[in-house]
Amino acid sequence: MKYKLIIIGGSAGSFQMVTKILSKIPANFNIPIVLALHRLKHVRHGFVEALSIKSVLPVIEPLDKESLKPGKIYLAPANYHLYVELAGKFALSTEEAVNHSRPAIDLTFTTGAYCYKEKTIGIILSGANRDGAWGLKKVKDWGGKTIVQDPADSQMPTMPKAALEKAGEVDHIYKIDEIIHFLKSLV
Amino acid sequence: MKHVRNSEEIEIGISGIRKLTETLKTRHNFDLGIYASTSLKRRVAKTLIINELATIDELIDRLEASHSFFHQFMLQMTVSGTEFFRDPAFWRYFRDEICKIVSRNHMRIKIWIPGCSTGEEIISTAIVLTEAGIYDKSVIIATDFNEKIIDNCKNKEYSNHMLEMSENNYRRFREDEGADLGIYIEKTKNGFTFDQNIFRNVEYHVYDREENFKIKGFNVVICRNNFIYFTAKYQEMLLEVITKRLSANGYFAIGNKENISFCKDASKFTLLNASEKVYKKTGL
């Protein structure tokens, strides 16, 4: 199988999109999906539960030094940056916010792309700031696949637009249904 | 015009980190090999920016040339992004459960804060002990790797951007919209410091190697969000040291997403609060 890691970055307007994606991912999907989503720093509980309701696969917040496993959806925990490290493990950090965000989408993307290179898929969804743009560029630089939600299909087009601007030409500009179709085709 | 670099834009390769590790080990007897790789690389990238160095080789040259630069570098490497009263629910648990039980059972309360860094956990702990009315029977032992970090921690002036977040955390901790962290704070020209009274029962010690640190019999060890910056191997060693220094039935707190399950000594602990990751030492 070609791909080993899927990272999805989203902010304002992405929650329903992510929920929709997770509800369509089949039970036999065997690439780990990491969700780097902006969230309130002091609300630690409830988000993973909300995402789990419609998800076929289990959604969890990884612990520090936990291994990435296929068949799982990982959500970056509140008030931590989430890194992917060599040897297929997560690492957490409380270092300062990047793009006013912790978790910062850029950091999960750059570290994931560095580890998994061309076996990475990076997807940027709706959002109202520019986090994730640099990260998607790094996915592209390392030879991974880059997908951006069609700004016209996004509730908040700032983040998809910023990603397109920074990364230049991406592999696909998709509406949410096309992203789902693409992911299902990987099984 | 000088281009302001962003630390994310600096690529630090494995070979650069290897060379740097070698230099620090031979010239300064300091082992970078204990640090988790991603945050280490990010911090090294930050030191390049702060010191206006273009490459890791330039950094190595400066470290070889100057001992005082090494101290400066070490301080820059230990910058943490923590806050006062991070995770208010933890501090409530500390106040309502841990403090209550420990102060009932002991005449003196010994608390260890390893890796005290920039001091936020020390101050939060001291304030909770004060408000619980048990600060005068407590001692907080704060440690870090070298004297420069400790000095920096002692005289720390915090920048104003931390204030609002910390005040919000404090109000959440107190569950009182009117609670005011400001009563402990003294404004300075460029930020704020804390009332010296807060530090009256804090003792600072350098923890450079285990055999140089003599204190044991701690009732509580607060070590939140430190393990995440170390390799699994070093974390396991640190946990061993902490386990030995904790008294029987002593309390141990880590960050809410930290993980000791892979460590040998994990079996000596019983999880008391799964959400705030507070353990009790129940094994020997």
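Which side chains does a polar contact of 3.5 Å join in the case of A:R130? I will come to that residue pair straight away, but please keep in mind throughout that what we are looking at is a predicted model.

The answer is that the side chain of A:R130 meets the side chain of A:E165, and the polar contact between them is 3.5 Å. To place this on the chain, A:R130 sits in the loop that runs between β7 (120–124) and α4 (133–141) of chain A. If we set aside the neighbours within four places in sequence, A:R130 is in contact with A:A162 as well as with A:E165. A:R130 counts as partly exposed, because its relative accessibility is 47% and the partly exposed class lies between 20% and 50%. For a sense of distance, A:Y174 is 44 residues from A:R130 in sequence, and their C-alpha atoms are 19 Å apart in space.

Let me turn to a second loop residue of chain A, A:S55, which is found between α2 (47–52) and β3 (59–60). Is A:S55 buried or exposed? It counts as buried, because its relative accessibility is 12% and the cut-off for buried is under 20%. Its side chain reaches the backbone oxygen of A:L57 at 2.6 Å, and, not counting residues up to four places away in sequence, A:S55 touches A:L22 and A:I73. A:V98, by contrast, is 43 residues from A:S55 along the chain, with 29 Å separating the two C-alpha atoms.

Now for the interface between the two chains, where 32 residues of chain A are in contact with 37 residues of chain B. The area buried between chain B and chain A comes to about 2,800 Å², and carbon and sulfur atoms give 46% of that area. How many salt bridges does the rule find across this interface? It finds seven, and a salt bridge is also what joins the side chains of A:R44 and B:D87, at 3.0 Å from N to O. In addition, 24 residue pairs are found in polar contact across the interface, both residues being at pLDDT 80 or more.

On the side of chain B that touches chain A, the elements giving two or more residues are α2 (37–50), α8 (163–174) and α9 (232–245) of chain B. Of these, α2(B) gives the most, with seven residues. Sorted by class, this side of chain B has 15 charged, 13 polar and nine nonpolar residues.

Notes:
Residues numbered from 1 in each chain as written. Chains lettered and ligands numbered in written order. Predicted model: local features only at pLDDT ≥ 70, side-chain atom pairs only at ≥ 80, totals over all residues. Heavy atoms only, no water. Contact = heavy atoms within 4.5 Å. Buried area = accessible area lost by both parts, 1.4 Å probe. Salt bridge = Lys/Arg side-chain N within 4 Å of Asp/Glu carboxyl O. Polar contact = N/O pair within 3.5 Å; in protein donor to acceptor, adjacent residues only side chain to side chain. Helix = DSSP H or I, 4+ residues; strand = E, 2+ residues; numbered from the N terminus. Nonpolar A, V, L, I, M, F, W, Y, C, P; charged D, E, K, R; others polar. Buried < 20%, exposed > 50% of the residue type's maximum accessible area, 1.4 Å probe, protein only.
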